[in-house]
Amino acid sequence: MLEIKNLHVQLEEEDKQILKGVDLTVEAGKVHAIMGPNGSGKSTLSYVLSGKDGYEVTDGEATLAGEDLLDMEPEERAAAGLFLAFQYPVEIPGVGNMTFLRTAVNAQRKARGEEEMSAADFLKLVRSKAKELKIDADMLKRPVNVGFSGGEKKRNEILQMAMLEPKMCILDETDSGLDVDAMKLVSEGVNALRDEGRGFLVITHYQRLLDHIKPDVVHIMAAGRIVKTGGPELALEVEQNGYADILAEIA
Amino acid sequence: MALTQVKQDATAARLAGLSLPEGGWSAGARKDALARLQAMGLPHARDEYWKYTKPAGLVAAEPAKAAIFTTDEAPMFDGLDRLKIVFVDGVFDAETSDDLALEGITIDRLADVKDIHWANGLYGVLEARGQDPVERPLAALNTAFATDGILIHAAKTPSKPINLIYRHGDESSDAILHHVVKVDSGASLTILENGPAAARFNKCLEADIADGGALHVVRTQGRDHERQAATHMFARLGKESVFKAFTLTVNGVLTRNECVIELTGDDAVAHVAGACMGDGDFHHDDTVFVTHDAVNCESRQVFKKVLRNGATGVFQGKILVKPDAQKTDGYQISQSLLLDEDSQFLAKPELEIYADDVACSHGSTSGAIDEDALFYLRSRGVPHAIAQDLLVLSFLAEAVEEIEDEALQEEILTRAEAWLSRHRKD
């Protein structure tokens, strides 16, 4: 589903290499997790894949279902099926959550040459999905993420994911700022979307998210590269011993 | 101070083409206004309050032509139950207007000259008070030469709003209208205004709001690109009264909206807000003066301007708190969203406070589109141009939310969206 080969990325504004040859393949139906110390390049990877400004790809490639991601505008990547759940979802005062969701859903449909969803169908769908995530009517009506708690913001990200039905979901530290109950709720939302046609890349610092969203493959990222890949047991190892042992082992 | 020769000449040139209308009860007020105008002269680019807005087009003897924009969009406020009063190029149009009758209020035309009228004693009076300490010569000119206008006395709360519709039919029209509104104690009145009015429009509204009365004004100034306008709102507020005004301006090479508010009774509330969007040859000026002269009053000024392709926005907003106006709560914010480097926003916030137990805050900002928000929207599949429009609406929201009535908020947002989609570059 997602194929990344030898990806090298530096910041546009300064001559600083962040990713130094990332190789990663996420198959449809699988959940991959990336763990790694602060500054290892995890979030940069998610931004580069989704098309944020400020990064320059100096080498390598990334494709989604065979399509070259790096050549597309962010909205084209979304329409192609990529979704990034933000670590810090952005507040947009004055734009209703529903308006935002409907604009996004229909823009993607239009870009794919599909018919736009009617107001009635949309409303029905959003209500049922919101209910599963315990998002009430008031949260849907309020401006995007404005006045939302940390947990509400992350639930709202998962709601968008559920509405947009992407092929490939990247979750950037979705567990940050969540209490235990909220983490459970968000994880249930993600698990409900697990599907053999859909890939997941879960970026996290902590093993505990992976107790709820069980990964098939765990990668350790350090200094801009994937340095170790293994099964779920690798996450447990990090939890117990920290990164020092693994990093020492590679060095 | 004696007028400069330049001012004398410009004023004489403008007055040469005007004659005092048959005034009846208003004749005295008109003569007084003419004397005020001759003493101060018409505005000049060197005047302190005309530094950022060149008055030439507003004071010239003849108006510049303005082409008429036609559209198949539904007329503004079309879906609302309202009493329509239509002016075409500043001339009352009985055919398309409703009967000037509504329970609880009386409506007369300024042009229906009588010898006695309740508006005598208000007409030109609030305008004259508003000349101190800042001169507003175009308002004095208006009082002297207004050819028509509406005189509304709201003794009770009417069942629906009054909609003043200003149509533009002649490319060279020059219109001067003057309205007087008197709201009695306990009554609440809503006035809606829309339309480009004329190639050049000078409009004045004087509002006297008695203790416990309320006046809401929601207006839109569209859409003919070359039109020019100078408008004044003068409001005097009694005890526990409310005045709320909102203006949406899109297009127009030159618009100067002045609002002069006097809080004269305790616990009164005045909110004045505006949103404007300009693309290219667009100059928009909000000049506001709020005087707190009573205890525990609240005033808010909320102005938002979206500017691109060399458009210019001006804000001159003042809060004056007199020595006895304790417990004043004054707020003022003016913000611009500059969509490119060619556009500019000129802001002059002023506070002058003589009371010591007062909370007054003000702020003014200029900024670009929030790149993080733009990326967030695009990452969800929203195309760049539409994402930018959503963020423009997001920026305007704080001003639009100043309108109390949600249906009117919707109406304004619909217009703003239509403008954005007309000006969208895909």
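Biologist: How many residues does each chain bring to the contact between chain A and chain B?

Modeller: In this predicted model, chain A contributes 21 residues and chain B contributes 17 residues, where two residues are in contact if their C-beta atoms, placed from the backbone, lie within 7 Å.

Biologist: Which elements of chain A supply at least two residues each to the side that touches chain B?

Modeller: Those are helix H2 (74–80), strand E7 (92–96), helix H3 (97–111) and helix H6 (150–164) of chain A, and H3(A) gives the most, with five residues. Helices (H or I, at least four residues) and strands (E, at least two) are DSSP runs, numbered from the N terminus.

Biologist: And what is that side of chain A made of, by class?

Modeller: It has 13 nonpolar, five polar and three charged residues, counting Ala, Val, Leu, Ile, Met, Phe, Trp, Tyr, Cys and Pro as nonpolar, Asp, Glu, Lys and Arg as charged, and the others, Gly among them, as polar.

Biologist: Before we go on, what are the ground rules for numbering and confidence?

Modeller: Residues are numbered from 1 along each chain as its sequence is written, while chains are lettered from A and ligands numbered from 1 in the order in which they are written. Because this is a predicted model, local features need pLDDT of at least 70 and side-chain atom pairs count only at pLDDT 80 or more, whereas totals for chains, interfaces and linings use all residues.

Biologist: Switching to A:Tyr88, where does it sit?

Modeller: A:Tyr88 lies in the loop between strand E6 (82–85) and E7 of chain A, and its C-alpha atom is separated by 9.0 Å from that of A:Ser176, 88 residues apart along the chain.

Biologist: Why does A:Tyr88 count as partly exposed?

Modeller: A:Tyr88 has 15 other C-beta atoms within 10 Å, and the scheme calls a residue buried at 20 or more, exposed at 12 or fewer, and partly exposed in between, with C-beta atoms placed from the backbone.

Biologist: What about chain B, how many helices and strands does it have?

Modeller: Chain B has eight helices and 20 strands, and 54% of its 426 residues count as buried. Its C-alpha atoms fill a box of roughly 70 × 50 × 50 Å, taken along the principal axes.

Biologist: How much of its contact network joins residues at least 24 apart?

Modeller: The share is 84%, among contacts in chain B between residues at least 6 apart in sequence.
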